Amino acid sequence: MVVLANPALDEIPLVRPQKHGAFFSAIPVVDLSRPFSAEALVKACEDVGFVKVINHNVPMDVVQRLEAETVKFFEMPQVFKETSGPADPFGYGNKRIGPNGDVGLVEYLLFGITSKPLSYTSMSFLEEPSACLFGPALSEYLVAVKKLASDVLELIAEGLKIEPRDLLNGLVTDEQSDGLFRLNHYPRCPLLERLDRSWTGFGEHTDPQIISVLRSNNTTGLQISLKNGSWVSVPPDQESFFIVVGDCLQVLTNGRFKSVRHRVLANGCKSRVSMIYFFGPPPAGKIAPLSQLMGEGEQSKYKEFTWAEYKKAAYKSRLGDNRLGQFEK
Ligand code: GA4
(Lines give C-alpha, C1' and ligand atoms only; values in the text may rest on other atoms or scores of the structure.)
Protein backbone atom coordinates (compact mmCIF):
# COMPACT_ATOMS: atom_id res chain seq x y z
CA MET A 1 0.00 0.00 0.00
CA VAL A 2 1.21 3.50 -0.77
CA VAL A 3 0.82 5.99 2.04
CA LEU A 4 0.65 9.64 1.07
CA ALA A 5 2.74 11.35 3.70
CA ASN A 6 1.43 14.83 3.01
CA PRO A 7 -2.10 15.01 4.40
CA ALA A 8 -3.02 17.81 2.01
CA LEU A 9 -2.61 15.35 -0.87
CA ASP A 10 -5.56 13.35 0.45
CA GLU A 11 -7.79 16.31 -0.19
CA ILE A 12 -6.68 16.74 -3.81
CA PRO A 13 -9.22 15.21 -6.18
CA LEU A 14 -8.11 12.27 -8.26
CA VAL A 15 -9.27 13.04 -11.77
CA ARG A 16 -9.28 9.64 -13.39
CA PRO A 17 -7.21 6.53 -13.32
CA GLN A 18 -5.35 7.09 -16.56
CA LYS A 19 -2.83 9.66 -17.64
CA HIS A 20 -3.47 12.38 -20.20
CA GLY A 21 -5.74 11.55 -23.09
CA ALA A 22 -4.78 12.10 -26.68
CA PHE A 23 -3.72 15.58 -27.67
CA PHE A 24 -6.33 17.66 -29.38
CA SER A 25 -4.85 18.58 -32.73
CA ALA A 26 -7.61 21.04 -33.59
CA ILE A 27 -6.70 23.85 -31.16
CA PRO A 28 -7.19 26.97 -33.30
CA VAL A 29 -3.93 28.69 -34.18
CA VAL A 30 -3.84 32.31 -35.32
CA ASP A 31 -0.78 33.88 -36.88
CA LEU A 32 -1.02 37.52 -35.80
CA SER A 33 1.22 38.64 -38.67
CA ARG A 34 -1.14 37.33 -41.36
CA PRO A 35 -4.09 38.99 -43.06
CA PHE A 36 -7.49 37.90 -41.75
CA SER A 37 -6.14 37.22 -38.26
CA ALA A 38 -9.04 39.34 -36.91
CA GLU A 39 -11.65 37.05 -38.44
CA ALA A 40 -9.71 33.93 -37.41
CA LEU A 41 -9.55 35.14 -33.79
CA VAL A 42 -13.29 35.77 -33.72
CA LYS A 43 -14.03 32.32 -35.12
CA ALA A 44 -11.75 30.65 -32.56
CA CYS A 45 -13.35 32.59 -29.68
CA GLU A 46 -16.80 31.55 -30.90
CA ASP A 47 -15.97 27.90 -31.56
CA VAL A 48 -13.65 27.07 -28.66
CA GLY A 49 -13.06 30.14 -26.46
CA PHE A 50 -9.38 29.30 -26.60
CA VAL A 51 -6.75 30.08 -29.22
CA LYS A 52 -3.03 29.74 -29.69
CA VAL A 53 -1.33 32.82 -31.10
CA ILE A 54 1.96 32.82 -32.98
CA ASN A 55 4.05 35.71 -34.29
CA HIS A 56 2.96 37.53 -31.16
CA ASN A 57 5.90 39.93 -30.90
CA VAL A 58 6.74 39.00 -27.32
CA PRO A 59 10.53 38.52 -27.34
CA MET A 60 11.48 34.99 -26.27
CA ASP A 61 14.37 36.24 -24.15
CA VAL A 62 11.86 38.21 -22.03
CA VAL A 63 9.87 35.02 -21.48
CA GLN A 64 12.96 32.94 -20.74
CA ARG A 65 14.30 35.42 -18.20
CA LEU A 66 11.07 35.33 -16.21
CA GLU A 67 10.87 31.55 -16.47
CA ALA A 68 14.43 31.17 -15.16
CA GLU A 69 13.70 33.48 -12.21
CA THR A 70 10.45 31.63 -11.50
CA VAL A 71 12.15 28.23 -11.48
CA LYS A 72 14.79 29.66 -9.15
CA PHE A 73 12.09 30.90 -6.76
CA PHE A 74 10.17 27.62 -6.66
CA GLU A 75 13.44 25.73 -6.00
CA MET A 76 13.98 27.73 -2.80
CA PRO A 77 13.34 26.02 0.58
CA GLN A 78 9.68 25.86 1.59
CA VAL A 79 10.20 28.07 4.66
CA PHE A 80 11.66 30.79 2.45
CA LYS A 81 8.80 30.64 -0.05
CA GLU A 82 6.27 30.80 2.74
CA THR A 83 7.60 34.14 3.95
CA SER A 84 5.83 35.55 0.86
CA GLY A 85 2.54 33.83 1.70
CA PRO A 86 -0.24 33.13 2.16
CA ALA A 87 -1.88 34.24 -1.08
CA ASP A 88 -4.56 36.24 0.67
CA PRO A 89 -5.31 37.56 -1.86
CA PHE A 90 -1.74 38.01 -3.21
CA GLY A 91 1.49 36.19 -2.41
CA TYR A 92 2.81 32.64 -2.32
CA GLY A 93 0.26 29.84 -2.17
CA ASN A 94 0.67 26.10 -1.87
CA LYS A 95 -2.10 23.61 -2.72
CA ARG A 96 -4.87 25.87 -1.44
CA ILE A 97 -6.54 27.84 -4.24
CA GLY A 98 -8.77 30.80 -3.46
CA PRO A 99 -10.55 31.38 -0.15
CA ASN A 100 -13.22 28.65 -0.29
CA GLY A 101 -11.53 25.30 0.21
CA ASP A 102 -10.29 24.43 -3.31
CA VAL A 103 -7.06 22.46 -3.49
CA GLY A 104 -4.69 21.28 -6.21
CA LEU A 105 -1.20 19.90 -6.62
CA VAL A 106 0.24 23.32 -7.37
CA GLU A 107 2.27 26.06 -5.75
CA TYR A 108 2.07 29.59 -7.05
CA LEU A 109 2.74 33.29 -6.80
CA LEU A 110 -0.20 35.61 -7.33
CA PHE A 111 0.37 39.31 -8.04
CA GLY A 112 -2.13 42.15 -8.29
CA ILE A 113 -1.35 44.38 -11.26
CA THR A 114 -2.16 48.06 -11.55
CA SER A 115 -2.23 49.70 -14.93
CA LYS A 116 -0.60 53.10 -14.89
CA PRO A 117 2.23 52.95 -14.16
CA LEU A 118 2.30 49.20 -14.69
CA SER A 119 3.19 47.80 -11.27
CA TYR A 120 2.76 44.65 -9.24
CA THR A 121 2.12 43.96 -5.55
CA SER A 122 5.32 43.60 -3.61
CA MET A 123 6.36 40.42 -1.84
CA SER A 124 9.02 39.83 0.77
CA PHE A 125 11.17 37.48 -1.37
CA LEU A 126 11.65 40.33 -3.86
CA GLU A 127 13.75 42.15 -1.26
CA GLU A 128 16.36 39.36 -1.15
CA PRO A 129 19.56 40.01 -3.15
CA SER A 130 19.14 36.54 -4.74
CA ALA A 131 15.87 37.74 -6.32
CA CYS A 132 17.27 40.98 -7.74
CA LEU A 133 16.63 39.90 -11.34
CA PHE A 134 13.05 38.77 -10.67
CA GLY A 135 11.43 42.23 -10.53
CA PRO A 136 12.97 43.55 -13.78
CA ALA A 137 12.16 40.26 -15.57
CA LEU A 138 8.55 40.43 -14.33
CA SER A 139 8.12 44.08 -15.36
CA GLU A 140 9.41 43.45 -18.86
CA TYR A 141 7.16 40.42 -19.26
CA LEU A 142 4.07 42.27 -18.06
CA VAL A 143 4.65 45.17 -20.47
CA ALA A 144 5.15 42.85 -23.46
CA VAL A 145 2.19 40.59 -22.68
CA LYS A 146 -0.10 43.53 -21.97
CA LYS A 147 0.71 44.84 -25.44
CA LEU A 148 -0.13 41.40 -26.85
CA ALA A 149 -3.48 41.36 -25.02
CA SER A 150 -4.24 44.84 -26.29
CA ASP A 151 -3.39 43.83 -29.88
CA VAL A 152 -5.53 40.72 -29.65
CA LEU A 153 -8.53 42.66 -28.29
CA GLU A 154 -8.15 45.27 -31.00
CA LEU A 155 -8.16 42.53 -33.64
CA ILE A 156 -11.22 40.96 -32.03
CA ALA A 157 -12.97 44.34 -32.17
CA GLU A 158 -12.02 44.60 -35.86
CA GLY A 159 -13.30 41.09 -36.54
CA LEU A 160 -16.57 41.88 -34.75
CA LYS A 161 -16.77 45.30 -36.49
CA ILE A 162 -16.95 47.12 -33.16
CA GLU A 163 -16.50 50.92 -33.26
CA PRO A 164 -14.44 52.56 -31.96
CA ARG A 165 -11.77 49.92 -32.53
CA ASP A 166 -10.19 50.52 -29.15
CA LEU A 167 -13.39 49.86 -27.22
CA LEU A 168 -12.38 46.38 -26.02
CA ASN A 169 -8.66 46.88 -25.52
CA GLY A 170 -9.46 50.19 -23.79
CA LEU A 171 -11.01 48.16 -20.97
CA VAL A 172 -7.68 46.52 -20.20
CA THR A 173 -5.38 49.47 -20.90
CA ASP A 174 -7.47 51.91 -18.83
CA GLU A 175 -5.66 53.44 -15.84
CA GLN A 176 -8.09 51.72 -13.50
CA SER A 177 -8.03 48.33 -15.19
CA ASP A 178 -7.69 45.42 -12.81
CA GLY A 179 -5.02 42.86 -13.66
CA LEU A 180 -3.73 39.73 -11.97
CA PHE A 181 -0.66 37.71 -12.72
CA ARG A 182 -0.10 34.15 -11.68
CA LEU A 183 3.02 31.98 -11.78
CA ASN A 184 2.10 28.33 -11.27
CA HIS A 185 4.46 25.48 -10.52
CA TYR A 186 3.16 21.93 -10.78
CA PRO A 187 5.99 19.95 -9.21
CA ARG A 188 7.35 16.70 -10.50
CA CYS A 189 5.95 13.97 -8.32
CA PRO A 190 7.56 10.54 -8.84
CA LEU A 191 4.95 8.95 -6.57
CA LEU A 192 2.15 9.96 -8.94
CA GLU A 193 4.17 8.73 -11.87
CA ARG A 194 4.67 5.33 -10.21
CA LEU A 195 0.98 5.08 -9.37
CA ASP A 196 0.12 5.95 -12.96
CA ARG A 197 -2.54 8.35 -11.71
CA SER A 198 -3.48 11.96 -12.41
CA TRP A 199 -4.35 14.33 -9.62
CA THR A 200 -5.93 17.72 -10.01
CA GLY A 201 -3.24 20.33 -10.45
CA PHE A 202 -5.70 23.18 -10.90
CA GLY A 203 -9.39 22.26 -10.91
CA GLU A 204 -11.77 23.04 -13.74
CA HIS A 205 -12.97 26.61 -13.92
CA THR A 206 -13.58 29.56 -16.20
CA ASP A 207 -11.59 32.77 -15.79
CA PRO A 208 -13.75 35.66 -14.57
CA GLN A 209 -11.90 38.41 -16.50
CA ILE A 210 -12.06 39.58 -20.15
CA ILE A 211 -9.18 37.49 -21.46
CA SER A 212 -6.21 35.70 -19.95
CA VAL A 213 -2.90 35.18 -21.72
CA LEU A 214 -1.22 31.91 -20.79
CA ARG A 215 2.24 30.61 -21.53
CA SER A 216 3.78 27.41 -20.19
CA ASN A 217 7.02 25.50 -20.45
CA ASN A 218 7.08 22.44 -22.66
CA THR A 219 5.06 20.26 -20.26
CA THR A 220 1.64 18.70 -20.69
CA GLY A 221 -1.25 19.01 -18.26
CA LEU A 222 -3.53 21.75 -19.57
CA GLN A 223 -6.94 20.59 -20.75
CA ILE A 224 -9.90 22.49 -22.11
CA SER A 225 -13.53 21.54 -22.31
CA LEU A 226 -15.10 21.66 -25.77
CA LYS A 227 -18.65 22.77 -26.43
CA ASN A 228 -19.80 19.13 -26.37
CA GLY A 229 -18.46 18.82 -22.82
CA SER A 230 -15.49 16.57 -23.64
CA TRP A 231 -12.06 17.32 -22.16
CA VAL A 232 -9.07 17.49 -24.51
CA SER A 233 -5.38 17.95 -23.79
CA VAL A 234 -3.65 21.00 -25.17
CA PRO A 235 -0.28 20.19 -26.76
CA PRO A 236 2.28 22.34 -24.93
CA ASP A 237 4.12 24.96 -26.93
CA GLN A 238 6.62 27.08 -25.04
CA GLU A 239 7.05 29.57 -27.88
CA SER A 240 3.38 30.48 -28.23
CA PHE A 241 0.74 32.11 -26.08
CA PHE A 242 -2.77 30.87 -25.46
CA ILE A 243 -5.65 33.31 -25.23
CA VAL A 244 -8.42 32.23 -22.88
CA VAL A 245 -11.86 33.84 -23.21
CA GLY A 246 -13.11 34.94 -19.78
CA ASP A 247 -16.63 35.41 -18.37
CA CYS A 248 -16.66 39.19 -19.02
CA LEU A 249 -15.98 38.73 -22.74
CA GLN A 250 -18.78 36.16 -22.87
CA VAL A 251 -21.15 38.79 -21.46
CA LEU A 252 -19.84 41.63 -23.66
CA THR A 253 -20.61 39.46 -26.70
CA ASN A 254 -23.99 38.35 -25.25
CA GLY A 255 -22.83 34.75 -25.25
CA ARG A 256 -21.44 34.72 -28.80
CA PHE A 257 -18.05 33.95 -27.27
CA LYS A 258 -17.99 31.33 -24.50
CA SER A 259 -15.61 31.47 -21.56
CA VAL A 260 -13.79 28.17 -21.80
CA ARG A 261 -13.64 25.73 -18.89
CA HIS A 262 -10.09 24.54 -18.39
CA ARG A 263 -8.04 22.62 -15.84
CA VAL A 264 -4.56 21.27 -15.27
CA LEU A 265 -3.91 17.62 -14.44
CA ALA A 266 -0.76 16.66 -12.58
CA ASN A 267 0.69 13.31 -13.58
CA GLY A 268 4.02 13.82 -11.96
CA CYS A 269 6.34 13.16 -14.95
CA LYS A 270 7.80 16.59 -15.45
CA SER A 271 7.43 19.86 -13.62
CA ARG A 272 5.16 22.36 -15.31
CA VAL A 273 5.60 26.12 -15.03
CA SER A 274 2.89 28.41 -16.37
CA MET A 275 2.51 32.17 -16.42
CA ILE A 276 -0.94 33.66 -16.77
CA TYR A 277 -1.82 37.33 -17.04
CA PHE A 278 -5.53 37.97 -16.35
CA PHE A 279 -6.96 41.14 -17.86
CA GLY A 280 -9.89 42.59 -15.94
CA PRO A 281 -11.71 45.86 -16.59
CA PRO A 282 -11.84 48.82 -14.15
CA PRO A 283 -13.83 47.94 -10.99
CA ALA A 284 -16.58 50.48 -11.80
CA GLY A 285 -16.78 49.32 -15.43
CA LYS A 286 -20.26 48.15 -16.43
CA ILE A 287 -20.25 44.70 -18.00
CA ALA A 288 -23.15 44.27 -20.40
CA PRO A 289 -23.57 43.09 -24.00
CA LEU A 290 -22.31 45.70 -26.49
CA SER A 291 -25.33 47.17 -28.26
CA GLN A 292 -23.50 47.03 -31.62
CA LEU A 293 -23.28 43.26 -31.32
CA MET A 294 -26.98 42.77 -30.67
CA GLY A 295 -29.12 41.71 -33.57
CA GLU A 296 -32.51 43.28 -34.13
CA GLY A 297 -34.79 42.46 -31.23
CA GLU A 298 -32.03 40.53 -29.46
CA GLN A 299 -32.29 40.75 -25.67
CA SER A 300 -29.42 40.78 -23.22
CA LYS A 301 -28.96 37.36 -21.64
CA TYR A 302 -27.45 38.93 -18.52
CA LYS A 303 -28.39 41.32 -15.74
CA GLU A 304 -26.08 44.32 -15.79
CA PHE A 305 -23.23 44.32 -13.27
CA THR A 306 -19.94 46.04 -12.60
CA TRP A 307 -16.62 44.22 -12.53
CA ALA A 308 -16.37 45.02 -8.78
CA GLU A 309 -19.71 43.25 -8.21
CA TYR A 310 -18.72 40.27 -10.31
CA LYS A 311 -15.37 39.94 -8.60
CA LYS A 312 -16.95 40.09 -5.14
CA ALA A 313 -19.34 37.29 -6.12
CA ALA A 314 -16.47 35.30 -7.67
CA TYR A 315 -14.47 35.34 -4.45
CA LYS A 316 -17.47 33.82 -2.64
CA SER A 317 -17.66 30.96 -5.14
CA ARG A 318 -15.86 27.63 -5.42
CA LEU A 319 -13.42 27.29 -8.29
CA GLY A 320 -15.60 25.02 -10.44
CA ASP A 321 -18.86 26.97 -9.95
CA ASN A 322 -20.74 28.48 -12.85
CA ARG A 323 -20.15 32.06 -11.74
CA LEU A 324 -22.17 33.66 -14.53
CA GLY A 325 -25.24 31.66 -13.54
CA GLN A 326 -26.45 34.16 -10.94
CA PHE A 327 -26.14 37.01 -13.46
CA GLU A 328 -28.15 35.30 -16.19
CA LYS A 329 -31.63 36.62 -16.88
C1 GA4 B 1 -9.69 31.62 -11.40
C2 GA4 B 1 -8.77 32.37 -12.39
C3 GA4 B 1 -7.54 32.97 -11.72
O4 GA4 B 1 -6.55 31.97 -11.45
C5 GA4 B 1 -7.91 33.70 -10.40
C6 GA4 B 1 -8.51 32.66 -9.48
C7 GA4 B 1 -8.88 33.10 -8.07
C8 GA4 B 1 -7.75 32.79 -7.05
O9 GA4 B 1 -7.00 31.86 -7.24
O10 GA4 B 1 -7.68 33.54 -6.07
C11 GA4 B 1 -10.19 32.36 -7.73
C12 GA4 B 1 -10.73 31.81 -9.08
C13 GA4 B 1 -9.85 32.46 -10.13
C14 GA4 B 1 -12.22 32.13 -9.28
C15 GA4 B 1 -13.08 31.92 -8.01
C16 GA4 B 1 -12.33 32.27 -6.73
C17 GA4 B 1 -11.22 33.25 -7.06
C18 GA4 B 1 -10.12 31.22 -6.72
C19 GA4 B 1 -11.55 31.06 -6.32
C20 GA4 B 1 -12.02 29.98 -5.77
C21 GA4 B 1 -6.71 34.44 -9.84
C22 GA4 B 1 -9.12 34.55 -10.64
O23 GA4 B 1 -9.14 35.71 -10.95
O24 GA4 B 1 -10.25 33.81 -10.43
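Reader: How do the residues lining the largest cavity divide into nonpolar, polar and charged?
Author: Keep in mind that we're looking at a predicted model. The cavity in question holds about 70 Å³ of space, and eleven residues line it, with Leu265, Ala266, Asn267, Gly268 and Lys270 nearest its centre. Sorted by type, the lining comes to four nonpolar, five polar and two charged.

Reader: And which element gives the most to the lining of the second largest cavity?
Author: That cavity has about 50 Å³ of space, and its lining takes in 13 residues, including Lys146, Val172 and Tyr277. Strands S5, S7 and S14 each supply two or more of them. With four residues, the top giver is S14.

Reader: OK, on to pockets. Which element provides the largest share of the lining of the largest pocket?
Author: This pocket has a volume of about 670 Å³, and 37 residues line it, with Ile97, Arg182, Phe202, Tyr315 and Leu319 nearest the centre. Among the elements that give two or more residues are S5 (102-114), S7 (178-186), S8 (198-205) and helix H9 (307-314). The largest share is six residues, and it belongs to S7.

Reader: How many residues in the lining of the second largest pocket are charged?
Author: The second largest pocket contains about 200 Å³ of space. Its lining includes Asp47, Lys227, Lys258 and Arg261. Next to three nonpolar and four polar residues, the charged ones number four.

Reader: Which helix gives the most to the largest nonpolar core?
Author: That core has 69 residues, and Leu109, Phe111, Phe134 and Phe181 touch the most other members. The biggest contribution is 15 residues, and it comes from H5.

Reader: Which methionine is in contact with phenylalanine 181?
Author: Set aside the neighbours within four places in sequence, and phenylalanine 181 still has plenty to touch, including Leu66, Leu109, Phe111 and Leu138. Two tyrosines, Tyr141 and Tyr277, are on its contact list as well. The methionine there is Met275.

Reader: Is glutamate 140 buried, exposed or partly exposed?
Author: Glutamate 140 lies in helix H5, which runs over residues 134-160. Beyond residues up to four places away in sequence, glutamate 140 touches Val62 and Arg65. Buried would mean under 20% and exposed over 50%. Its relative accessible area is 37%, so glutamate 140 counts as partly exposed.

Reader: What about asparagine 254: buried or exposed?
Author: You'll find asparagine 254 in the loop between helix H8 (247-252) and S13. Its contacts, leaving out neighbours within four places in sequence, include Pro289, Met294 and Tyr302. The relative accessibility is 2%, so asparagine 254 is buried.

Reader: How long is the polar contact that joins the side chains of asparagine 254 and glutamate 298?
Author: Glu298 is also among the residues in contact with asparagine 254. For a polar contact, an N or O pair has to be within 3.5 Å. Between these two side chains, the value is 2.7 Å.

Reader: Last one: which strands are included in what covers the buried residues of H2?
Author: Helix H2 spans residues 37-47, and its buried residues are Ser37, Ala38, Leu41, Val42, Ala44, Cys45 and Glu46. Just for orientation, H2 is followed by glycine 49, with a positive phi near 80 degrees. The cover includes helix H5, and the strands named with it are S2 (29-31), S3 (50-54) and S12 (241-245).

Conventions:
Residues are numbered from 1 along each chain as its sequence is written. Side-chain values use heavy atoms; hydrogens and water are left out. On a 1 Å grid over the protein atoms alone, a cavity is a set of points where a 1.4 Å probe fits but cannot get out, and a pocket is an open set with protein on both sides within 12 Å along at least five of seven lines; lining residues have an atom within 4 Å of a point. Grid points are joined across faces, edges and corners, and a volume is the space filled by probe spheres set on the points. Ala, Val, Leu, Ile, Met, Phe, Trp, Tyr, Cys and Pro count as nonpolar, Asp, Glu, Lys and Arg as charged, and the others, Gly among them, as polar. Buried means under 20% relative accessible area, exposed over 50%, partly exposed in between (1.4 Å probe, protein chains only). Contact means heavy atoms within 4.5 Å. A nonpolar core is a set of buried Ala, Val, Leu, Ile, Met, Phe, Trp, Tyr and Cys residues joined through side-chain atoms within 4.5 Å. A polar contact is a pair of N or O atoms within 3.5 Å; within protein, one must be able to donate a hydrogen and the other to accept it, and residues adjacent in sequence count only if both atoms are side-chain atoms.
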